[in-house]
Structure formats: structure tokens, C-alpha cells
Amino acid sequence: MCGIVGLFLKDKSLEPQLGNLLSDMLITMTDRGPDSAGIAIYGGGANGRAKLTIQSASPATDFAGLDADLSRAGIKADVTVKSTHAVVEFDADKLADVRSTLAEIRPSARVMGSGESVEIYKEVGLPKDVVTRFDVRAMAGTHGIGHTRMATESAVTTLGAHPFSTGADQCLVHNGSLSNHNNLRRELIREGMTFETQNDSEVAAAYLTAEMAKGKDLGQALTGALDDLDGFFTFVVGTKSGFGVVRDPIACKPAVMAETDQYVAFGSEYRALVNLPGIENARVWEPEPATVYFWDHDNKAAA
């Protein structure tokens with residue numbers, strides 16, 4: 001049993017409130033998963049710039065002088081430290097160089113997410129503590145997703161927490177369990193995907209990344225997941241401009257959605273949504289089994 005939330009803003013005037021709204025939604029879901037928590041915020045990003053969110057168990061060591069060490073390697077970067085995480089921002093064409101350089105000069109640091117707009121923060125602990133540690137309430141953005149975990153089949157670790165990100169500006173949160181993740185992981189490794197954990201949810205994220213790399217949009221990739229993934233799942237997924245939801249054909253995991261002219265919201269339970277502005281006038285529904293829902297800022301389409 002886990003708690004997942006998501007918020008996709010249509011109204012730009014709400015963007016400064018995204019972190020605060022999403023934090024309240026996540027904290028409300030604490031009793032569905034007190035082991036660890038995480039949140040992804042999509043903030044639009046600066047034109048021509050990219051960023052990596054990295055995590056370290058020894059931040060005082062790994063983050064000290066990181067900007068200077070990158071500079072010595074020929075990479076000009078801005079480093080913003082938030083507790084056990086740091087956001088490294090740089091010219092977008094340097095993404096591969098930054099990844100390889102970090103692996104060499106900070107081998108104990110782990111990449112949580114990368115891309116032009118996403119920042120991902122996750123740690124062991126209660127949602128309220130994770131939110132406070134990373135000052136999530138102060139973050140602005142266009143959309144975001146969050147997860148509070150009750151571990152069922154893998155260790156309670158930072159890397160095992162959600163969201164999982166396996167592609168640029170892509171991440172996923174999951175409530176449920178997959179039964180064919182080991183076979184699918186082997187297939188994806190043959191296709192060139194890499195994995196940090198044995199968690200089945202990371203396989204789901206990697207599957208979607210691999211499908212979108214073939215030219216599918218988020219909606220098409222989620223539709224394919226209904227045929228290719230076995231087990232119980234509710235997924236909420238973010239991309240640079242998109243937000244998607246899908247449940248398996250049995251749909252035994254709870255889910256509720258709400259839509260107004262200002263936003264689309266998802267929660268494992270309705271109580272996650274009750275404090276959103278204008279919720280009393282929202283269209284509220286339970287997402288149908290085996291049905292893909294997705295919204296995209298770029299094309300304004302929903303499916």
C-alpha cells in the first residue's frame with residue numbers, strides 16, 4: 001500500500017503554489033506509506049540549460065567544492081545544495097559530459113533525475129520531513145508528482161523510493177506490484193537500459209522511457225504498458241510537458257481524479273484533493289480500468 005499524488009496546472013497563476021499544494025497532498029497520504037517519500041517538480045527550466053538532481057549519503061564530502069571540480073574538468077556549472085541532494089545546472093549540450101564527469105569525480109553520488117525542467121527529491125522518512133528537508137513548499141512549477149512508500153518487496157532505501165526517473169524529464173510513481181518485471185528488466189537491459197535498483201517500479205519507468213525513445217508519446221507508451229506489464233498497478237507519470245495516469249485492467253488500487261479550468265489532480269484517495277482551490281466545483285471521478293488519461297502543455301490535448 002502506497003500513496004501517490006499528482007498535480008498538472010493549467011492556470012499559470014497557480015505555478016508559484018505548486019510545491020505548497022503538492023506537499024499538502026502528499027502529507028495527507030502519510031498513513032499509506034511511512035517508509036520513504038519523494039516528489040518531482042517540473043519548473044519549466046531555462047532555455048538552453050539542463051540540470052541533474054544528485055543525492056549523496058555524504059553530502060558534506062560530495063558537494064563541497066563540486067562546482068570548482070567540475071570547472072577544472074572543463075564544465076561550467078551552478079550547484080545548489082539542498083540537504084542530501086544538490087541540483088547541478090549547466091549548458092544542455094554538456095549533459096553527457098556532466099554525467100560521465102560526476103561518475104568519475106563523485107562516484108558515491110547518485111543521479112535522481114535529469115533534464116531541462118525536472119528536479120527530484122526523495123529520501124527515507126515521513127513525507128512531512130522530506131518536504132521540510134528540501135523546502136518543497138517554496139518550489140514553483142507547471143506540474144509535479146509525489147509518492148509515499150510502504151515497501152513490500154524491496155529494501156527501504158533512498159534509491160528504492162519513488163519517483164523513478166530513467167530518461168530526461170521523465171519520472172514515474174507507482175502503487176502496486178508487477179509480476180513480470182524480472183523478464184522485462186532483462187529485455188530492457190538488452191536494449192541498452194540501465195538500472196540502479198531491483199525495484200519493479202523502476203522497470204515500469206524504464207519501459208516507458210524505452211517506448212518513448214521509439215517515437216511514442218506518453219499516451220501511446222502508457223497504452224502499450226497495458227499489454228506488456230503484468231500485475232497490479234496505478235501509474236502517475238511526468239514528462240517535460242505532460243502528465244499521465246493509467247490503471248491496470250483489474251484496477252484494485254484506489255485512485256481518484258479531479259479537473260477544473262485551473263488544474264488536473266490525482267490522489268490515491270479523495271482526501272488528498274480536498275484542500276485544492278475550487279475543488280468544490282471540480283469534476284471528480286474514479287479513473288477507469290485499462291484507460292489512459294494524459295494531458296500535455298505543448299498540445300493541450302487529453303486522451
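A salt bridge is a side-chain nitrogen of Lys or Arg within 4 Å of a carboxyl oxygen of Asp or Glu. The model is predicted, so local features need pLDDT of at least 70 and side-chain atom pairs count only at pLDDT 80 or more, while totals for chains, interfaces and linings use all residues. Residues are numbered from 1 along each chain as its sequence is written, and side-chain values use heavy atoms, with hydrogens and water left out.

**Exercise 1. Find the distance and the burial of the salt bridge between Lys 216 and Glu 211.**

Step 1. The side chains of Lys 216 and Glu 211 meet at 2.6 Å, N to O.

Step 2. Apply the burial classes: buried is under 20% relative accessible area, exposed is over 50%, and partly exposed is in between (1.4 Å probe, protein chains only). Glu 211 counts as buried because its relative accessibility is 8%. Lys 216, with a relative accessible area of 31%, is partly exposed.

**Exercise 2. State which elements are linked by the salt bridge of Arg 110 and Glu 196.**

Step 1. The closest N and O atoms of Arg 110 and Glu 196 are 3.8 Å apart.

Step 2. Locate each partner, taking helices (H or I, at least four residues) and strands (E, at least two) as DSSP runs numbered from the N terminus. Arg 110 is in strand 6, and Glu 196 is in the loop between helix 6 (181-190) and helix 7; the two are 86 residues apart, so the pair links distant parts of the chain.

Step 3. Arg 110 is partly exposed at 30% relative accessibility, and Glu 196 is partly exposed at 46%.

**Exercise 3. Place the salt bridges in the whole structure, and name a network.**

Step 1. The structure holds 20 salt bridges.

Step 2. One of them joins the side chains of Arg 49 and Glu 89 (3.7 Å, N to O). This pair connects strand 3 (residues 49-55), which holds Arg 49, with strand 5 (residues 85-91), which holds Glu 89, across 40 residues.

Step 3. Asp 31, Arg 32, Glu 269 and Arg 271 are linked in a network of salt bridges.

**Exercise 4. Describe the largest pocket and the second largest cavity.**

Step 1. Set the terms. On a 1 Å grid over the protein atoms alone, a cavity is a set of points where a 1.4 Å probe fits but cannot get out; a pocket is an open set with protein on both sides within 12 Å along at least five of seven lines; lining residues have an atom within 4 Å of a point. Grid points are joined across faces, edges and corners, and a volume is the space filled by probe spheres set on the points.

Step 2. The largest pocket has a volume of about 580 Å³. Its lining has 29 residues, and Arg 99, Val 111, Ser 165, Thr 194 and Glu 196 lie nearest its centre. Helix 4 gives the largest share of this lining, 6 residues.

Step 3. The search finds 2 cavities of 30 Å³ or more. The second largest cavity holds about 40 Å³ of space. Its lining includes Thr 166, Cys 171, Leu 208 and Val 237. Helix 7 contributes the largest share, 4 residues.

Step 4. Classify the linings: Ala, Val, Leu, Ile, Met, Phe, Trp, Tyr, Cys and Pro count as nonpolar, Asp, Glu, Lys and Arg as charged, and the others, Gly among them, as polar. The pocket lining has 14 nonpolar, 9 polar and 6 charged residues. The lining of the second largest cavity has 6 nonpolar, 3 polar and no charged residues.
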